[in-house]
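Trainee: Could you take me slowly through one buried spot in this model, and then show me how the rest of the fold is laid out? I am new to this, so please name each part as you go.

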Amino acid sequence: MSSVSAAIAHALKPLAPRIFGLMGNGNAHFLDAAVRAGFDYTAVRHESAAVSAADAYFRISNKLAIASTTYGAGYTNTTTALAEAAAARTPLLFVTGDAPTSGLRGWDVDQAAIDAAVRAPRYVVDRNTPGATALEAAAHALREQLPVVLAIPYDLAALDSLEEQLPDFASLRSTPPAPQLNSTQLEQIAAKLNASQRTHILYGRGAIDAAEQVQALAQKLGATTSGTLLARDLLDYEFDLGITGGFSTEANAAIIAQADTVLVLGASLNQFTMRFGELVADDATLIQIDLGCAATNPRVDYFATGDAALAAADLLGAVEQADDAWRAGLDLSELRSRPAGDEQASDGQLDPRRVASELQGILPANRVLVQDGGHFIGWGPMYWSTSGARSLACVGTAYQSIGLGIASMVGAAPAAEDRTVVLAAGDGGFLMGLADLESIVRTVESGVIVIYNDSAYRS
């Protein structure tokens with residue numbers, strides 16, 4: 001008969017065989033069982049890093065990973081990273097120790113309340129169904145695209161499991177069909193696009209798996225395209241303008257401002273993407289298609305719930321072939337050009353534009369870019385190319401946090417395969433995560449760290 005911890009490890013091994021963790025009393029039995037079961041285990045030096053590493057791993061690999069810490073202080077150290085994963089809707093499984101079933105001890109906190117506060121669903125295992133509960137938690141994470149907490153009460157971790165049979169995981173994860181535009185929505189959107197003379201398609205992270213359909217639709221509509229920061233490099237398309245929003249070039253923004261219709265696929269239209277209200281012309285029609293139930297920006301004129309790939313495919317069959325008059329007249333020669341900057345800024349320090357532009361030619365071309373949060377955050381995405389749609393991770397931006405970059409590099413490394421992982425961090429955020437610099441040295445095969453130090457923390 002196996003223990004509760006071993007039953008959890010056995011259930012999860014086929015689904016999420018990679019763990020980022022830090023051992024303590026509350027998760028020692030689980031990690032021991034997991035290593036014995038053959039999990040790929042990366043030990044980190046701070047509990048926050050376990051969650052951020054699992055977060056970054058998913059963003060690059062599109063595969064579920066496990067983070068694991070002990071209860072109490074080990075758990076509360078992860079709160080910012082857990083809040084970030086929830087805000088970014090990153091699926092991961094956080095296996096953590098918890099207070100015993102007899103109740104809170106002097107050093108325990110109400111972890112359930114904290115889970116609820118950061119909007120992370122919570123599952124608690126028992127002796128009767130530990131494996132089934134673990135599978136339900138993993139299914140929830142993947143189905144709803146959220147971090148899910150799996151709590152192991154301290155007094156149950158080493159006890160024998162009474163579980164006899166595991167449920168079928170496919171039935172637990174089963175989801176309704178992806179939402180598709182109804183006939184009325186399809187007809188109305190197609191009519192708006194057919195009437196357009198200058199169409200632009202803006203795609204976001206929700207369209208990463210719809211590249212073929214989006215590009216075909218853009219060709220038929222004679223449209224230009226652009227992507228949000230987290231969907232950069234999605235299309236290999238002559239009229240793709242690059243990153244949209246605060247990190248776009250002025251030439252990019254000027255072309256989008258000419259559009260009379262903007263079709264948004266899988267993008268949330270936050271304030272940064274919308275350039276604080278200046279992205280789309282006042283008289284343009286803004287159509288948003290997303291998985292949510294309502295528009296995410298008041299500027300939207302027409303909203304429909306739909307899967308990006310299905311919507312683009314359906315629209316491809318519904319719209320008319322457009323001429324190429326608008327695109328043919330565009331000057332794209334300066335589209336990607338950015339000022340190289342001066343050798344020195346006015347304060348006598350290095351100009352970050354010059355640093356970033358020089359590094360574009362120095363850094364290995366086959367790379368994954370990991371960004372910490374902070375005021376420096378634009379230089380890498382604006383000046384450095386990456387190697388595909390899932391080659392950029394900005395862990396921290398959803399929750400507006402800094403200090404998660406080092407841990408993100410640890411998580412991105414096993415997902416990068418043969419690519420070099422480049423971390424861009426500010427001096428403040430880098431020092432916040434310094435404990436896991438050792439984790440980088442120990443686990444990252446090919447990596448470069450770029451630190452932007454503006455001396456803002458110097459007294």
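Mentor: Happy to! Let's begin with G204, which, once its neighbours within four places in sequence are left aside, is in contact with T228, A231, L265, G266 and A267. Please keep in mind that this is a predicted model. Along the chain, G204 sits in the loop that links β7 (199-203) to α10 (211-221). Is this glycine buried or exposed? G204 counts as buried because its relative accessibility is 0%, and the cut-off for buried is under 20%. Now look for S268: 64 residues separate it from G204 in sequence, yet their C-alpha atoms are 7.5 Å apart in space.

From here, let's turn to the nonpolar cores. The largest one has 38 residues, and the members that touch the most others are F20, L82, F94 and V421. Two or more residues each come from α3, α5 (79-88), β4 (92-98), β13 (367-371), α16 (405-412) and β15 (420-426). Which element gives the largest share? That is α3, with 7 residues. Another core lies apart from this one; it has 32 residues, including A207, I289, L315 and V319.

Two residues let you explore elements that you have just met. Helix α3 covers residues 47-61, and S48 is part of it. S48 has a relative accessible area of 13%, so it is buried. Setting aside its neighbours within four places in sequence, you will find S48 in contact with N77, T78, A81 and L404. In helix α16, look for M409. M409 has a relative accessible area of 1%, so it too is buried. Leaving out neighbours within four places in sequence, M409 is in contact with V370, V421, L423, I440, V444, G447, V448 and I449. One of these, V421, is also among the residues that touch the most other members of the largest core. You can also compare M409 with G206, a residue 203 places away in sequence: C-alpha to C-alpha, the two are 23 Å apart in space.

What about a whole helix? Try α1, which spans residues 4-12. Of its 9 residues, 7 are buried, so α1 is largely enclosed by the rest of the structure. The buried ones are V4, S5, A7, I8, A9, A11 and L12. Which elements cover them? The cover includes α2 (28-36), β3 (66-69), β4, α7 (130-144) and β6 (147-153). You have seen β4 already, as one of the elements that give two or more residues to the largest core.

Next, find the second largest pocket, whose volume is about 370 Å³. Its lining is made of 22 residues, and R232, G242, I243, R336 and M382 are the ones nearest its centre. Two elements, β9 (240-243) and α15 (379-383), give two or more residues to the lining of this pocket. Strand β9 gives the most, with 4 residues. Sorted by class, the lining holds 10 nonpolar, 6 polar and 6 charged residues.

Now for two loop residues with a backbone angle to notice. R275 is not a glycine, but its phi is positive, near 50°. R275 belongs to the loop between β10 (261-265) and β11 (285-290). Why does R275 count as buried? Its relative accessibility is 18%, and buried means under 20%. Q400 is another residue other than glycine with a positive phi, this time about 60°. Q400 lies in the loop between β14 (392-393) and α16. With a relative accessible area of 59%, Q400 is exposed.

Let's finish with the cysteines. A disulfide is a covalent bond between the sulfur atoms of two cysteines. How many does a search of the whole structure find? The search finds 0 disulfides. Two cysteines are still worth selecting on your screen. C293 is exposed, with 75% relative accessible area, whereas C394 is buried at 0%.

To return to where we started, G204 is also at 0% relative accessibility and counts as buried. Try selecting it again, and find its contacts T228, A231, L265, G266 and A267 around it.

Notes:
Residues numbered from 1 in each chain as written. Predicted model: local features only at pLDDT ≥ 70, side-chain atom pairs only at ≥ 80, totals over all residues. Heavy atoms only, no water. Buried < 20%, exposed > 50% of the residue type's maximum accessible area, 1.4 Å probe, protein only. Contact = heavy atoms within 4.5 Å. Core = buried A, V, L, I, M, F, W, Y, C linked by side-chain atoms within 4.5 Å. Disulfide = S-S within 2.5 Å. 1 Å grid on protein atoms, 1.4 Å probe; cavity = no way out; pocket = protein on both sides within 12 Å on 5 of 7 lines; lining within 4 Å. Points joined across faces, edges and corners; volume = space filled by probe spheres on them. Nonpolar A, V, L, I, M, F, W, Y, C, P; charged D, E, K, R; others polar.
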